[in-house]
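Let's walk through this model together, one question at a time. Have the structure open and follow along.

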Amino acid sequence: MGSEVIVELQRNATNWANVVGEIVKIERKIFPKHESLARSFDEELRKKNSGLLYIELNGEVAGYVMYSWPSSLCASITKLAVKENYRRQGHGEALLIAAIEKCKMRRVQRISLHVDPLRTAAMTLYKKLGFQVDSLVEGYYSSDRNAYRMYLDSESD
């Protein structure tokens with residue numbers, strides 16, 4: 001995997017603007033305009049109960065996961081993206097596992113996310129890590145694009 005480092009973006013980090021700039025570029029390239037947070041990324045990240053982990057490879061941002069935890073009852077994975085040339089190398093899985101661990105540290109009981117059923121690689125990853133399909137949300141992304149709402153419950157110790 002090379003020199004992979006997963007970093008939590010800190011609000012007061014000196015590299016905040018550079019990292020957010022790189023993430024916005026990834027966001028614009030991967031997601032359709034109406035699904036992209038590119039315009040409001042900085043604002044989203046400044047919300048109280050939100051976090052972002054990114055993976056740095058050879059000095060560049062290769063992917064990121066954004067999550068929020070409005071309460072100890074639930075958290076949400078709001079974005080997970082890996083640059084095309086870094087896909088299928090385990091980086092998305094590493095990011096997702098790191099985000100799940102962050103949520104568990106906050107004693108979150110359930111983590112949820114939405115995914116396009118046609119994104120088979122994403123569906124496979126989520127199922128591999130224990131996420132289960134809760135329901136189909138019709139028209140979630142657009143009038144002709146649905147999403148599965150998926151969840152992962154924390155084990156009771």
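Q: Which loop holds Asn-58?
A: Helices (H or I, at least four residues) and strands (E, at least two) are DSSP runs, numbered from the N terminus. With those labels, Asn-58 falls in the loop between E2 and E3.

Q: What kind of model is this, and how are residues numbered?
A: This is a predicted model, in which local features need pLDDT of at least 70 and side-chain atom pairs count only at pLDDT 80 or more, while totals for chains, interfaces and linings use all residues. Side-chain values use heavy atoms, with hydrogens and water left out, and residues are numbered along each chain as its sequence is written, from 1.

Q: What is the phi of Asn-58, and is the residue buried or exposed?
A: Most residues other than glycine have a negative phi. Asn-58 has a positive value, with phi near 50 degrees. Buried means under 20% relative accessible area, exposed over 50%, and partly exposed in between (1.4 Å probe, protein chains only). At a relative accessible area of 61%, Asn-58 is exposed.

Q: Which loop holds Arg-88, and what is its relative accessibility?
A: Arg-88 is not a glycine, yet its phi is positive, about 60 degrees. Its place is the loop between E4 and H3. Arg-88 counts as exposed, with a relative accessibility of 78%.

Q: In what order do the strands of the open sheet run?
A: Two strands pair if DSSP finds at least two bridges between them. Seven strands make up this open sheet, and their pairing is mixed. The order is E1-E2-E3-E4-E5-E7-E6.

Q: Which strands stand at the edges of the sheet?
A: A strand with a single partner strand has one side left without a neighbour in the sheet. That is the case for strand E1 (4-8) and strand E6 (132-142).

Q: Which residue in E7 is the bridge partner of Leu-136?
A: E6 and strand E7 (residues 145-153) run antiparallel and are joined by six bridges. Within E7, the partner of Leu-136 is Tyr-148.

Q: Which residue in E4 stands opposite Val-65?
A: E3 and E4 form a hairpin, with five residues between them. Their pairing is antiparallel, over six bridges. Opposite Val-65 stands Leu-80.

Q: Is the crossover from E4 to E5 right-handed or left-handed?
A: E4 pairs with strand E5 (residues 110-115) in the parallel sense over three bridges, and Ser-76 has Ser-112 in E5 as its bridge partner. From E4 the chain passes through helix H3 (residues 91-105) to E5. A crossover is right-handed if, with the strands pointing away from the viewer, the path from the first strand over the helix to the second runs clockwise. This β-α-β crossover is right-handed.

Q: Which residues does Glu-8 touch, leaving out those up to four places away in sequence?
A: Glu-8 is found in strand E1 and counts as partly exposed, at 25% relative accessibility. Its C-alpha atom is separated by 4.4 Å from that of Leu-53, 45 residues apart along the chain. Contact means heavy atoms within 4.5 Å. The residues touched are Leu-52, Leu-53, Tyr-67, Lys-102 and Arg-106.
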